[in-house]
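Here is a quick tour of one protein chain, going from the overall picture down to single side chains. Have the sequence and the structure open while you read.

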Amino acid sequence: MTAKVTLSFSDETIEEARRFAQRDGMSLSAWIDQAAREKALREVFTAHAAAVGRAGLDIEAAAIADAHEAELVDAAFFGRRPSAA
């Protein structure tokens, strides 16, 4: 579903957007839609990362521990040697 809206851009901004859209083989509307969607996702991911940081969670350490545990299970069941952690 799409919605028609009226937006105002500076001449410089719209000219750059037109150039990028043409370079990417897209319509101006499609390029701006993609750019807005990417910006919205960055905002969501940035807010999520900030919330994780405020909660004091160390996701990277947990992921490394999980990977090591998976290696140990593989070693036990399939005779694979776990890497040094």
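## Burial and surface

Buried residues account for just 7% of the 85 residues in the protein chain. Keep in mind that what you're looking at is a predicted model. The accessible surface of the protein chain adds up to about 7,500 Å², and carbon and sulfur atoms own 58% of that.

On the charge side, the protein chain has 10 positive and 14 negative charges. Take the mean position of each set, and the two points sit 5 Å apart.

## Overall layout

What does the secondary structure come to? Three helices and zero strands, and reading along the sequence gives the pattern α-α-α. The protein chain is more spread out than a compact globule, because its radius of gyration is 23 Å, well over the 12 Å that the globule rule gives for 85 residues.

If you'd rather think in boxes, line things up along the principal axes: the C-alpha atoms of the protein chain then fill roughly 65 × 35 × 25 Å.

## Helix H2 and what follows

Helix H2 covers residues 28-55, which makes 28 residues. From its first C-alpha to its last, H2 reaches 41 Å, close to the 40 Å you'd expect at 1.5 Å a residue. Just past the end of H2 comes Gly-56, with a positive phi of about 75°.

Ser-29 is one of the residues in helix H2. Is Ser-29 buried or exposed? With a relative accessible area of 58%, Ser-29 is exposed, because exposed means over 50%. For a feel of distance, go 20 residues along the chain from Ser-29 to Ala-49: their C-alpha atoms are separated by 30 Å.

## Helix H3 and what follows

Helix H3 takes in residues 59-78, so to speak a run of 20 residues. H3 reaches 28 Å between its first and last C-alpha, close to the 28 Å expected at 1.5 Å a residue. Right after H3, Gly-79 has a positive phi of about 70°.

## Salt bridges

How many salt bridges does the structure hold? Three. One of them joins the side chains of Arg-23 and Asp-24, at 2.8 Å from N to O. Arg-23 is exposed, at 58% relative accessible area, while Asp-24 is partly exposed at 36%.

Another salt bridge links Arg-37 with Asp-33, and here the closest N and O atoms are 3.2 Å apart. The two residues are four apart in helix H2, so about one helical turn separates Arg-37 from Asp-33. Arg-37 counts as exposed, with 53% relative accessibility; Asp-33 is partly exposed, at 41%.

Then there's the salt bridge between the side chains of Lys-39 and Glu-43, 2.9 Å from N to O. Lys-39 and Glu-43 are about one helical turn from each other because they are four residues apart in helix H2. Both ends come out as partly exposed: Lys-39 has 42% relative accessibility, and Glu-43 has a relative accessible area of 44%.

Definitions and conventions. Residues numbered from 1 in each chain as written. Predicted model: local features only at pLDDT ≥ 70, side-chain atom pairs only at ≥ 80, totals over all residues. Heavy atoms only, no water. Rg over C-alpha atoms; globule rule 2.2 N^0.38 Å. Buried < 20%, exposed > 50% of the residue type's maximum accessible area, 1.4 Å probe, protein only. Areas by Shrake-Rupley, 256 points an atom, 1.4 Å probe, with all protein chains shown as cover. Lys, Arg positive; Asp, Glu negative; His and termini not counted. Charge placed at Lys NZ, Arg CZ, Asp CG, Glu CD. Expected span 1.5 Å × (residues − 1). Salt bridge = Lys/Arg side-chain N within 4 Å of Asp/Glu carboxyl O.
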